[in-house]
Amino acid sequence: MNEKIWGCVCESLLKSVSKNEFNNWIKPLNFKGIHDGVATFHAPTNFIGNWVLRNYGEMIQRHFVAEGTIIDKIAFDVNSLSSKQNLHSSKNSSNLEDQTSELTVRENNSLLPVAPLDKRFTFDSFVIGKPNELAHAASRRVAEGGPVSFNPLFLYGGVGLGKTHLMHAIAWEIRRRNPEAKVIYLSAEQFMYRFVQALRFKDMLSFKELFRSVDLLMVDDVQFIAGKDSTQDEFFHTFNALVDQNKQIIISADRAPGEIDGLENRIKSRLQSGLVVDLHPTDYELRLGILQSKAEKHISHYPEVFMSDGVLEFLAHRISTNVRVLEGALTRLFAFASLVGREVNLDMVQECLADILRASDRKVTIDEIIRKVSDHYNLRMTDILSPRRARTVARPRQVAMFLAKTLTSKSLPEIGRRFGGRDHTTVIHAVKKIEDLKSIDNQIAEDVELLRRMLEA
Ligand code: ADP
Ligand code: MG
């Protein structure tokens, strides 16, 4: 059974990576099985395990899901004498700066490929809606070249909203227009990994040369280098060198530059010096659009599967903003329908997606809202609940009430009660006040947006 799944995953991986990459990195792995959502592989060396994890881990995981097997992470074990590093897993990479320096690495770092691009992530397959239209338009503009006006382009937004997809789409488009263009796409984590290795191999010169000779540098998930000082330093120099040469840089992160803790101010301001655009959480229309587009692909794959009306609408309604979850749900439905020869209808959805539906049922509570809002404004929870009317307390309280009204299904009187026994008219006033302020006061608009993001995450 295991072998079969892995066989299917390999087949579909071959569509995303080159034959060469496949033979070098994926083929040497020995798939051992899945236990508690962890897919374990045996890798011939620490180095290979680590490299695959960093460069292909997410892709492998995605392909498992696409084959109908949900896994949370990938782990490698290596028959090595040092048991300490036997297990590298995708969840414990936070102290990579320390971790990589301990690895037993033999191969020569300069031979390593940069991160592969996913063939499915193109502009053609990107569905545009209100929440992402600006990010999409900016990405298009950059991909179409011309004078470098948006430099750097900084894309940010929550998980699964399409940042990586857009970056890959830009890279594909630029390559299509100019096959000679030197494009490097990698995650901030990979950037750091290479940097640490270059230090280790005393090979900084080729590291610097590599990164400073590109036409387009894309660094994904840059929040990762927050707090990693020497990597940040190198990143900053690379960045400046490229900007000086008028080369395009595209960066993504899960939040706005100013909000990344542990990022040096000079880097923050550098990142803000170009165009900063965000991907908003998906809305119902966008989710439905994405589902329709993905369903078409599935239907062409499984022509025997029939899907009844209303299923996509139900999913768009019930599954929250992360597009990856949406895709996984659809994949599972089609795989299931095809395996058992049933049509996809609402009954089957309930049965087959019970876990996903339950997970996205998780509702934000008023307590959480009060806690997050008081943290954000440096207040105590009791301040928010107190009768104090000073602006410094009253405004955050109104923000919290606004969030309670918009993120929960609680009634106005109930919300009033939970905020220190206030009247429902106070809640109405607060909601109205924040709605008005949001359109004229950027700070409030940003605060509300940030808090909403954190609460819905
Ligand atoms: P992020 O990098 O923001 O976490 P990804 O770019 O990896 O998110 O997107 C997650 C998944 O959702 C990918 O498979 C991607 O193709 C898909 N996706 C996200 N947004 C869209 C969209 N607007 N249209 C089509 N697919 C999308
Ligand atoms: Mg991403």
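Here are a few questions and answers about a sheet and a helix in this predicted model.

Residues are numbered from 1 along each chain as its sequence is written. Local features need pLDDT of at least 70, and side-chain atom pairs count only at pLDDT 80 or more.

Reader: Which strands stand at the edges of the open sheet of five strands?
Author: Happy to help! The strands (DSSP runs of E, at least two residues, numbered from the N terminus) pair in parallel in the order β6-β7-β8-β5-β9. Two strands pair if DSSP finds at least two bridges between them. Each edge strand has a single partner, so one side of it is left without a neighbour in the sheet; these are β6 (183-187) and β9 (275-279).

Reader: What is the bridge partner of Phe 154 in β8?
Author: Strand β5 covers residues 153-157 and β8 covers residues 248-253. They pair in the parallel sense over four bridges. In β8, the partner of Phe 154 is Ile 251.

Reader: Where do the buried residues of α20 lie around the axis, and on which side?
Author: Good one to look at in the structure! Helix α20 (residues 424-440; helices are DSSP runs of H or I, at least four residues) has Val 427, Ala 430, Val 431, Ile 434 and Leu 437 buried (under 20% relative accessible area, 1.4 Å probe, protein chains only). An α-helix has 3.6 residues a turn, so residues three or four places apart point the same way. The directions from the helix axis to the C-beta atoms cover an arc of only 135°, which puts these residues on the same side of α20.

Reader: Which residues are exposed on the other side of α20?
Author: The buried residues pack against α18 (391-407), α19 (412-418) and α21 (442-456), where contact means heavy atoms within 4.5 Å. On the other side, the exposed residues (over 50% relative accessible area) are Ser 439 and Ile 440.

Definitions and conventions:
Chains are lettered from A and ligands numbered from 1 in the order in which they are written. Side-chain values use heavy atoms; hydrogens and water are left out.
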